[in-house]
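Please open the model in a viewer and keep the selection panel at hand. The tour proceeds from one selection to the next.

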Amino acid sequence: MTLLYIVLASLAGGLVSVLLAALVAWRIQPRLIPMFVSFAVGALLGVVFLDLLPHIFESAQYRHDAAMWILIGILAFFVLEKMVLWRHNHDHAGQAEAAVAGAHASQNHASQNHADHNHADHNHAGHGPAHAHSHSHSHGDSGDSGRSSSAWMIIIGDGFHNFTDGFAIAAAFTADVRLGIVTSIAIVAHELPQELGNFLVLIHSGFSKTRALFWNVVSSFATLAGAIIAYFALQTFDQYSVIFLCFAASSMIYVAIADLIPGLHKRTSTRESALQIALIGMGVLSIAAFHLVLAH
């Protein structure tokens with residue numbers, strides 16, 4: 001039964017998030033994307049500090065060792081990000097907004113493809129049509145190559161990140177079904193803006209809608225793969241289950257603090273800051289509410 005829960009939660013965390021992101025991608029307004037991110041920050045931190053960490057320190061025989069493994073996990077994710085595996089996936093607010101603009105431009109100029117994107121970008125920057133035209137001819141190939149490389153890096157990085165999400169889901173469900181449910185909710189909450197941003201960036205990089213959706217769906221199955229591998233690993237190394245949970249908590253802390261929050265800091269107006277704080281609070285409260293409901 002635990003494996004069934006893990007499979008269902010992994011599909012929700014990966015595939016369902018991709019499909020929802022694709023459905024809203026062409027209706028979303030750029031200013032709404034940070035709202036999704038703010039809520040995701042609250043949900044992730046809520047799960048970590050209201051559920052995962054209390055469970056870890058209650059279960060751990062040596063709490064000092066548990067704290068050490070959490071620290072090791074955070075540092076490990078920092079190293080992974082330095083290797084450029086995650087950087088393209090977590091700059092949601094800025095990256096996705098730029099992609100929204102590009103996606104709307106591609107809709108308006110669909111018949112002219114990439115050359116018209118260059119033309120529109122240079123006109124917007126204040127260059128004349130003739131300058132934009134010559135620039136696109138002289139640098140079009142390198143621009144296409146750069147965009148294609150960026151798109152594939154996003155797909156690879158997204159797959160790795162989804163694999164880590166599956167790992168967290170399996171570790172949480174193996175420890176406690178209730179813990180697995182709230183962890184899955186937090187993962188879905190942060191997967192939606194991530195997949196939305198990825199989908200729009202792929203479109204802006206020259207992918208068709210169908211191709212972008214296909215590769216996002218493919219990378220989403222890494223969540224299921226990570227969950228199943230972690231589940232069977234935990235059956236073999238059950239004595240290390242607390243360490244698995246420590247790494248799950250580390251991944252969520254790192255994503256929220258190091259990757260999502262810096263994007264929110266780019267918006268400094270009083271109104272937007274107040275809205276971000278409120279939505280982060282709502283994310284935390286939603287996890288607290290599920291915690292209370294499931295406890296009863």
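**Helix 3 against helix 10**

Begin by selecting Ala66, Trp69, Ile70, Ile72, Gly73, Ile74, Phe77, Phe78 and Glu81 in helix 3, which meet Ile243, Cys246, Phe247, Ser250, Ser251, Ile253, Tyr254 and Asp259 in helix 10. Sorted by class, this contact comprises twelve nonpolar, three polar and two charged residues. The model is a predicted one.

Next, display the two helices in full, residues 63-82 for helix 3 and residues 241-264 for helix 10. Their axes lie 8 Å apart, and the helices pack at an angle of about 50 degrees. Helix 3 is therefore oblique to helix 10. The crossing of the two is right-handed.

**Helix 2 against helix 10**

Keep helix 10 in view and add helix 2, residues 33-59. Here the axes come within 9 Å and cross at roughly 155 degrees. Since angles over 145 degrees count as roughly antiparallel, that term describes helix 2 and helix 10. The crossing of helix 2 with helix 10 is left-handed. In this contact there are 24 nonpolar and three polar residues, with no charged residues.

**An aromatic pair**

Six aromatic pairs are present in the structure. For one of them, select phenylalanine 237 and tyrosine 240, whose ring centres are 6.3 Å apart. The ring planes stand at 45 degrees, so this pair is tilted. Are these two residues buried or exposed? Phenylalanine 237 is partly exposed, at 41% relative accessibility. Tyrosine 240 is likewise partly exposed, its relative accessible area being 40%.

Technical notes
Residues numbered from 1 in each chain as written. Predicted model: local features only at pLDDT ≥ 70, side-chain atom pairs only at ≥ 80, totals over all residues. Heavy atoms only, no water. Axes fitted to C-alpha atoms, helices over the stretch in contact; angles between N-to-C directions. Helix = DSSP H or I, 4+ residues; strand = E, 2+ residues; numbered from the N terminus. Parallel < 35°, antiparallel > 145°, perpendicular 65-115°, else oblique. Left-handed = near helix turned anticlockwise from the far one by under 90°. Contact = heavy atoms within 4.5 Å. Nonpolar A, V, L, I, M, F, W, Y, C, P; charged D, E, K, R; others polar. Phe/Tyr/Trp six-rings, centres within 6.5 Å; stacked < 30°, edge-to-face > 60°. Buried < 20%, exposed > 50% of the residue type's maximum accessible area, 1.4 Å probe, protein only.
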